[in-house]
Amino acid sequence: MSSLVAPPTAGVPARPVAAKPAHRPYRVRVAAVTPLSPSFVRLTFAGDDLADFGADGLDQRIKVVLPLPGTGFDTFPGGDWWSAWRALPDHQRNPFRTYTARAVRPAEREVDVDFVVHADGGPAAAWLATVAAGDEAMLVGPDATSGVRGSGVEWAPGSARTVMIAGDETAAPAICSIVEQLPADARGCVFVEVPGEADVLPLAAPAGVSVHWLPRVDAHAGHGERLQRAVRDWTARYVTAWHRGVDVTDVDVDHDLLWDVPQGEPGRGAALEGDLYAWLAGEAAAIKSLRRFLVSEVGVDRRQVAFMGYWRLGRSEM
Ligand SMILES: Cc1cc2nc3c(=O)[nH]c(=O)nc-3n(C[C@H](O)[C@H](O)[C@H](O)COP(=O)(O)OP(=O)(O)OC[C@H]3O[C@@H](n4cnc5c(N)ncnc54)[C@H](O)[C@@H]3O)c2cc1C
């Protein structure tokens, strides 16, 4: 009789095995601090754990956790860290900031992150000013053993035939990484606004992709102004060329400043659908305005525009 009595779990589906989190903390040390230019410093992080660090490349975002005075990283939770971190009292909660994994070398157990040096005094900037080789550090990044690929990667051009990539110095690491992974037959244009002439970084691009570094040579020019101008100019020529059936890569973006869009063409998103993929990242207000321009004024399909505010002028993150 007892064998016919349903056990208490009858009818309850077997509990799924908890999936491994896609991201996890990695305790590492700073292996090298390498100045790349007046505004960029590369930190190379090393640690045995990094053998498992996901190497999806492109604009892979990660977190850099910053040490607390006195306790360093002792209170930072492991594993599925996010809810545990949020439950901690303020004084035990390490600040962290979002960065791009510029290079991941699992075999060497190393990760490079390129930091922008800025003077506005956030916790990451303050840490960067004093960090030295040998210091303990902590990253939260993709776990290749989780089985999840591409989490934290936003670059998704689909079948678009032309790419337009634009960003400021905080997006330069992501842009360099994306451009290095473009297929050889990619075509389009890349704009990177940087603080000064000496911040132009070496970057090899496919033949059909022109790269334009835009130093803020005019000290009075606002953040993002050069980027706005360059994107607007290029887009005007792109739209014109597209409507005329001209290969847009033949258009010289440094000359012929014109806005020669046939009447009524801008605003017709479907007209450009599928052809252009735009990836925009940097200071939030500048990126918002570029996105509005592309989608509302030009008529690029909103699904073809990835836009990411990487930081906010005058506002600390979290
Ligand atoms: C997905 C993603 C990827 C990113 N990748 C990188 C990367 O690879 N390299 C990188 O350097 N940054 C990157 N950033 C930007 C970085 O997270 C921010 O710049 C961050 O705010 C820096 O933290 P902080 O503690 O120095 O300053 P916060 O505490 O956030 O801010 C303090 C003050 O500094 C100002 N500020 C913040 N950043 C800058 C800046 N770059 N220039 C001038 N003023 C600034 C703020 O407006 C504020 O007034 C990325 C952001 C995202 C979302």
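**View 1. Leucine 58, a buried residue with a positive phi.** In this predicted model, leucine 58 is buried, with a relative accessible area of 16%, a value that falls in the buried class because that class is defined as under 20%. Leucine 58 belongs to the loop between S2 and S3, and its phi is positive, at about 50 degrees, although the residue is not a glycine. Most residues other than glycine have a negative phi.

**View 2. Arginine 109, a partly exposed residue with a positive phi.** The loop between strand S5 (103-105) and S6 holds arginine 109, whose phi is near 60 degrees and thus positive in a residue other than glycine. With 33% relative accessibility, arginine 109 counts as partly exposed, whereas leucine 58 is buried.

**View 3. Helix H2 and the strands that cover its buried residues.** Helix H2 spans residues 123-130, and its buried residues are Ala124, Ala125, Trp127 and Leu128. These residues lie on the same side of H2, because the arc that they cover around the axis is only 160 degrees. The exposed residues Ala129 and Thr130 are carried by the face of H2 that is turned away from the buried side. The cover over the buried residues of H2 includes strand S1 (23-35), strand S2 (40-46), strand S3 (61-65), strand S4 (96-100), strand S6 (110-116) and strand S7 (136-142).

**View 4. Strand S1 and its pairing with S2 and S7.** S1 pairs with S7 in the antiparallel sense over 7 bridges, and within this pairing arginine 29 has glutamate 136 of S7 as its bridge partner. S1 also runs antiparallel to S2, to which it is joined by 6 bridges, with valine 30 standing opposite phenylalanine 45 in S2. S1 and S2 form a hairpin, in which 4 residues lie between the two strands.

**View 5. The ligand and the residues around it.** There are 24 residues around the ligand, and of these Thr98, Val116, His118, Arg312 and Ser316 come nearest. In the side chain of arginine 97, an N or O atom is 2.9 Å from an oxygen atom of the ligand. The backbone also takes part in such pairs: a backbone N or O atom of arginine 312 lies 2.6 Å from an oxygen atom of the ligand, and a polar backbone atom of glycine 314 is 2.8 Å from an oxygen atom of the ligand. Taken alone, the ligand exposes 900 Å², of which the protein buries 91%.

Key
Residues numbered from 1 in each chain as written. Predicted model: local features only at pLDDT ≥ 70, side-chain atom pairs only at ≥ 80, totals over all residues. Heavy atoms only, no water. Buried < 20%, exposed > 50% of the residue type's maximum accessible area, 1.4 Å probe, protein only. Arc of directions from axis to C-beta. Contact = heavy atoms within 4.5 Å. Pairing = 2+ DSSP bridges. Near = heavy atom within 4 Å. Polar contact = N/O pair within 3.5 Å; in protein donor to acceptor, adjacent residues only side chain to side chain. Areas by Shrake-Rupley, 256 points an atom, 1.4 Å probe, with all protein chains shown as cover.
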